Amino acid sequence: MLEVITVIDQINAILPQTQCRKCGFQGCRPYAEAIASGLADINQCPPGGDLGIGELARLLNIDPKPLNPTFGEHKPKQVAFIIEDACIGCVKCIAVCPVDAILGAAKFMHTVIASECTGCELCIAPCPVDCIVMQPVSMTIVHQGHIDKSAASQLAKKRYEARCLRKEKESEEKAERAKQKKAKLGMLKKAP
Ligand code: SF4
Ligand code: SF4
Ligand code: SF4
């Protein structure tokens, strides 16, 4: 089957796939859709920084502009690290991680798979005991050698898309269960 590459795909391919929502959208793809439809400007992605803005400008054949500071500042890539002794196993971080980079179960300590963490920082705020800290990539992934930026963003994209599909399926299943429960209750009420 012929694969159709849209302008949204091309914009999304430039975005860093951090999935941090700092652009004001729910992830890189929704931001790409908003740029393509003229609802968002090209300078709203802090992780992509000026380099990313330049690439977007070239793709869209428009002038580049500086990163809009309202959306945050460009920083070197970091990854999350959990201070495991302090973790109470509440799973709140797992619930928000856009790329499923956190391992753990209820009431057990959690840990971040550093090679899969995009550094989005979304897990920091929900942690009730403040045991998640961000660390520079070089300090954390010292034994993993050179990180291929493009491979890392492809991996993040795949993991984000897989998570979105899973969440969509879960909410469909939930809606179906609610529908069946409602139908069952209706039948019970009708019964003499
Ligand atoms: S990396 Fe963050 S700010 Fe940039 S497009 Fe993706 S979600 Fe938006
Ligand atoms: S572990 Fe935290 S910082 Fe890393 S991707 Fe998940 S939510 Fe983002
Ligand atoms: S949110 Fe914090 S305390 Fe809760 S599981 Fe994650 S790291 Fe542990």
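Which residues come nearest to ligand 2? In this predicted model, ligand 2 is surrounded by 14 residues, of which Ala80, Cys97, Cys117, Cys120 and Cys123 come nearest. Sorted by class, the shell around ligand 2 consists of eleven nonpolar, two polar and one charged residues.

The other two ligands can be described in the same terms. Around ligand 1 there are 16 residues, and the closest of them are Thr18, Cys20, Cys23, Cys28 and Cys45; this shell divides into ten nonpolar, four polar and two charged residues. Ligand 3 is surrounded by 15 residues, with Cys87, Cys90, Lys92, Cys93 and Cys127 as the closest, and its shell is made up of eleven nonpolar, three polar and one charged residues.

The chain as a whole contains six helices and four strands, which follow one another from the N terminus in the order α-α-α-β-α-β-β-β-α-α. Along the principal axes, the C-alpha trace of the chain spans about 75 × 45 × 35 Å, and 26% of the 192 residues count as buried. When contacts between residues at least 6 apart in sequence are considered, 61% of them join residues that are at least 24 apart.

In soluble globular proteins, nonpolar side chains tend to be buried together. In the present model, the largest nonpolar core holds 18 residues, and within this core Ala80, Cys97, Val112 and Cys123 touch the most other members. At least two residues of this core come from each of β1 (78-82) and α6 (149-190), and β1 gives the most, with three residues. Ala80, Cys97 and Cys123, which are listed among these core members, are also named among the residues that come nearest to ligand 2. For Val112, once the neighbours within four places in sequence are left aside, the contacts are with Val79, Ala80, Phe81, Ile82, Ala101, Ile102 and Cys117. Apart from the largest core lies another one, of twelve residues, which include Leu15, Cys23, Ile53 and Leu56. Cys23, a member of this second core, is also one of the closest residues to ligand 1.

Helix α2 shows how buried residues can be arranged around a helix axis. Cys28, Arg29, Tyr31, Ala32 and Ile35 are buried in α2, and because the buried residues of this helix fall within an arc of 160° when seen down its axis, they line one face of the helix. What covers these buried residues includes α1. Cys28, one of the buried residues of α2, is also among the residues closest to ligand 1. Just after α2, Gly38 takes a positive phi of about 80°.

Two residues that are not glycines also have a positive phi. Gln17, with a phi of about 65°, is placed in the loop between α1 (7-14) and α2 (28-36), whereas Glu121, with a phi of about 75°, is found in the loop between β3 (111-112) and β4 (132-136). Why does Gln17 count as buried, and why does Glu121 count as partly exposed? Gln17 counts as buried because it has 28 C-beta neighbours inside 10 Å, and a residue is buried if 20 or more such atoms lie within that distance. Glu121 counts as partly exposed because it has 18 C-beta neighbours inside 10 Å.

Key: Residues numbered from 1 in each chain as written. Chains lettered and ligands numbered in written order. Predicted model: local features only at pLDDT ≥ 70, side-chain atom pairs only at ≥ 80, totals over all residues. Near = placed C-beta within 6 Å. Nonpolar A, V, L, I, M, F, W, Y, C, P; charged D, E, K, R; others polar. Core = buried A, V, L, I, M, F, W, Y, C linked by C-beta atoms within 7 Å. Contact = placed C-beta atoms within 7 Å. Arc of directions from axis to C-beta.
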